[in-house]
Structure formats: C-alpha cells, structure tokens
Amino acid sequence: MTHFTMNDGVTIPALGLGTWMISQEKAAGAVKRAIELGYHHIDTAQAYGNEAEVGQGIRESGLAREEIFITTKVAAEHKTYESAAVSIDESLAKLGLDYIDLMIIHSPQPWDEWRETDKNFDEGNLEAWCALEDAQTAGKVKSIGVSNFQEADLQNILDKGTVKPAVNQILTHVGNTPHDLIAFCKANDILVEAYSPIAHGEAMKNEAIVAMADKYDVSVAQLCIKYALQLDLVALPKTENPVHMASNMDLDFTISSEDLEVLKTIDFKDYGEFTYFPVFSGK
C-alpha cells in the first residue's frame with residue numbers, strides 16, 4: 001500500500017479503515033477482518049466508544065504491533081490540559097497499547113458548540129495541544145495532529161504551539177472538497193486526511209458521480225476513494241462489511257486529469273438522514 005511521510009518523518013498508510021458508528025459488538029470483528037485483508041491503518045476515537053474493541057481486534061489479528069498504524073482522537077469536549085492528558089492515558093488503557101501512532105484533537109469546538117462564531121476556543125485548543133505534545137515527548141504517542149480545524153484554528157497552533165500538527169483530518173469527498181483549506185494545509189506541510197470520502201454513502205445517490213464511476217467500470221466507493229488519494233490525501237472509508245473492505249482496496253485504475261477536474265467541481269451538501277451530525281452541518 002502507498003504511504004505518506006508526515007512532517008515529523010513518520011510514515012502513514014494512505015488508506016485506512018474508519019470505525020465511526022461501528023458498534024462495540026461489531027468493532028473487534030471488523031478490525032480483525034480488515035487487518036487480515038491487508039489494512040494496516042485503523043482510525044478510531046474516544047467519541048466512537050469502541051476503542052477497547054478496536055484494540056481487541058488488533059490483538060486478535062495476530063499481526064505484529066509495529067505493522068499496524070493506529071489513530072485515535074481526544075474528544076472534542078476536552079479543552080483543558082488536565083482533561084486531555086487524562087483522556088490520552090484512558091485511550092491507551094482502553095486500546096491495550098503501549099503507544100498510539102497518531103492522536104489528534106477531534107474538533108476545535110465541543111460538538112454542542114460546533115462552529116459557533118461567538119465563542120473562541122483558542123486557549124482550550126492550545127491546552128489540549130500541549131497535553132498531546134507532552135504525551136509525544138513521553139513516548140505515549142508517536143505523532144500528533146488535529147481534525148476539523150479551519151485555517152484560523154490551525155494558525156493558532158502553528159503560532160503558539162511547539163510542535164506542528166502532522167495531520168488535519170477533515171470532511172472531504174467528491175461533492176465537498178475544501179480546496180482552500182487543503183491548500184493551506186499543504187503550504188504548511190500538514191498532511192490532510194479525508195474522512196467520510198464516500199459522503200457516508202450519499203455519494204452513491206449523485207448522478208454525476210455514478211456516471212463517472214460507470215465510465216471507469218468501478219464502484220462509486222472506489223472512485224471516491226481514488227479521488228482522495230489522487231489529491232494526495234489519506235482516505236479513511238468506513239465499513240464493517242468485508243466485501244466492501246476488499247473492494248475499497250481494489251484501486252488499480254487512474255482518474256484522468258480532465259476527469260479529476262470535473263470531479264473537483266461537483267458540489268452537493270445533502271447528507272440525507274445523516275445531516276443532523278455536526279460534521280455534516282447539522283446540530
């Protein structure tokens with residue numbers, strides 16, 4: 001599998017398995033199957049409530065720890081040094097790991113205050129960031145980064161933090177490509193990770209995307225994942241279905257530069273039943 005090298009020199013697999021909304025009952029089995037199929041990058045979070053099961057799946061896979069790249073996230077509500085630091089230790093304990101490959105701040109705002117313009121969480125984000133920096137120094141975490149950070153949020157860390165974020169994990173898919181934010185991250189040597197690259201399944205309902213997938217004789221999911229990879233982004237599709245896991249890895253095709261430009265211009269923001277989630281602009 002293709003890897004990227006982050007600004008701290010650590011390599012990260014370009015394709016990972018997202019585990020958002022995979023239940024505790026299914027998470028261990030899904031992670032084990034994914035690793036058996038060849039996934040070496042698993043993404044979870046404190047907020048997903050499945051860190052323990054993800055850790056179980058890793059152990060049951062039998063693959064050597066150093067062969068697996070594990071990401072988890074400091075919950076969005078931790079905006080003090082103390083609460084963030086405690087949460088890092090709790091994640092290590094739940095995962096059953098000696099170290100975490102990448103740990104990131106899940107959101108610049110608590111979810112119930114998502115994107116509110118009348119509140120500033122710069123200080124809280126810096127405190128959480130300092131907790132991650134100290135965890136990195138202590139060897140608990142190899143790389144540190146952020147998620148859902150806009151340019152101003154990133155600039156706050158760049159200006160006042162000691163360590164530059166290795167990644168910014170953001171909602172990115174055909175139909176919603178934040179080109180300016182991606183360009184800002186690349187200009188500052190911050191790797192962008194695309195979560196929900198298939199728009200939580202809503203991309204499969206878009207006629208233009210379906211037509212482009214048909215042109216390449218691939219599934220919509222394969223087209224959307226390849227799109228993210230060709231933009232030099234890490235892709236984190238979520239599935240618990242082993243057939244879909246295997247298909248999402250079968251990316252032996254190249255989107256032409258002309259078609260890539262077409263895909264960049266598609267714009268849709270309708271996430272159907274999932275719109276209520278903050279990341280999909282709901283509340």
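Select Phe 268 to start: in this predicted model, Phe 268 comes out as buried, at 11% relative accessibility. Now add Tyr 271, which is buried too, with a relative accessible area of 2%. The two rings make an aromatic pair of the tilted kind, 6.3 Å from centre to centre with 45 degrees between the planes.

Keep that view and bring in Phe 274 and Phe 277. Is this pair stacked or edge-to-face? It is stacked, because the planes sit at 15 degrees, which is under the 30 degrees cut-off; the ring centres are 6.5 Å apart. For burial, Phe 274 has a relative accessible area of 16% and Phe 277 has 15% relative accessibility. Both count as buried because the limit is under 20%.

Time to widen the selection. Show Trp 20, Phe 268, Tyr 271, Phe 274, Tyr 276, Phe 277 and Phe 280 together, and you have one aromatic cluster on screen. The count of aromatic pairs in the model comes to eight.

**Following Trp 20 into the pocket**

Trp 20 belongs to that cluster, and Trp 20 also turns up in the lining of the largest pocket, among the residues closest to its centre. The others in that closest group are Ser 196, His 200, Pro 237 and Lys 238. The pocket has a volume of about 670 Å³, and 33 residues line it. If you colour the lining by type, you should get 15 nonpolar, 14 polar and four charged residues. Which helix should you highlight as giving the most to this lining? Pick α9, residues 242–249, which supplies four residues.

**The second pocket**

Next, select Arg 115, Gln 150, Leu 171, Asn 176 and Val 279, the residues closest to the centre of the second largest pocket. The space here is about 250 Å³, with 15 residues in the lining. By type, they split into nine nonpolar, four polar and two charged.

Stay on Arg 115 and add Trp 114: Arg 115 lies over the face of that ring, at 4.0 Å from the ring centre. For another charge over a ring, jump to Lys 226 and Phe 253. The charged end of Lys 226 sits over the Phe 253 ring, 5.8 Å from its centre.

**The sheet**

Switch to cartoon and find the open sheet of eight strands. Reading across, the order is β3-β4-β5-β6-β7-β8-β9-β10, and the pairing is parallel. Which strands stand at the edges? They are β3 (17–18) and β10 (234–236); each has a single partner strand, so one side of each has no neighbour in the sheet.

Zoom in on the β3 edge. Here β3 pairs with β4 (residues 41–43) in the parallel sense, over two bridges. Show Leu 17 and you'll find that residue opposite Ile 42 in β4.

**Two loops with positive phi**

From β3, move along to Met 21, in the loop between β3 and α1 (24–37). Check the backbone: phi of Met 21 is near 70 degrees, a positive value in a residue other than glycine. Met 21 is partly exposed, with a relative accessible area of 42%.

For the last stop, go to the loop between β9 (191–195) and α7 (207–216) and select Ala 199. This residue is not a glycine either, yet the phi of Ala 199 is positive, about 60 degrees. Is Ala 199 buried or exposed? Ala 199 counts as buried, at 0% relative accessibility.

Conventions
Residues are numbered from 1 along each chain as its sequence is written. This is a predicted model: local features need pLDDT of at least 70, side-chain atom pairs count only at pLDDT 80 or more; totals for chains, interfaces and linings use all residues. Side-chain values use heavy atoms; hydrogens and water are left out. On a 1 Å grid over the protein atoms alone, a cavity is a set of points where a 1.4 Å probe fits but cannot get out, and a pocket is an open set with protein on both sides within 12 Å along at least five of seven lines; lining residues have an atom within 4 Å of a point. Grid points are joined across faces, edges and corners, and a volume is the space filled by probe spheres set on the points. Ala, Val, Leu, Ile, Met, Phe, Trp, Tyr, Cys and Pro count as nonpolar, Asp, Glu, Lys and Arg as charged, and the others, Gly among them, as polar. Rings of Phe, Tyr and Trp (its six-membered ring) pair if their centres lie within 6.5 Å; planes under 30 degrees apart count as stacked, over 60 as edge-to-face and the rest as tilted. Buried means under 20% relative accessible area, exposed over 50%, partly exposed in between (1.4 Å probe, protein chains only). A charge sits over a ring if NZ of Lys or CZ of Arg is within 6 Å of the ring centre and within 35 degrees of the ring normal. Two strands pair if DSSP finds at least two bridges between them.
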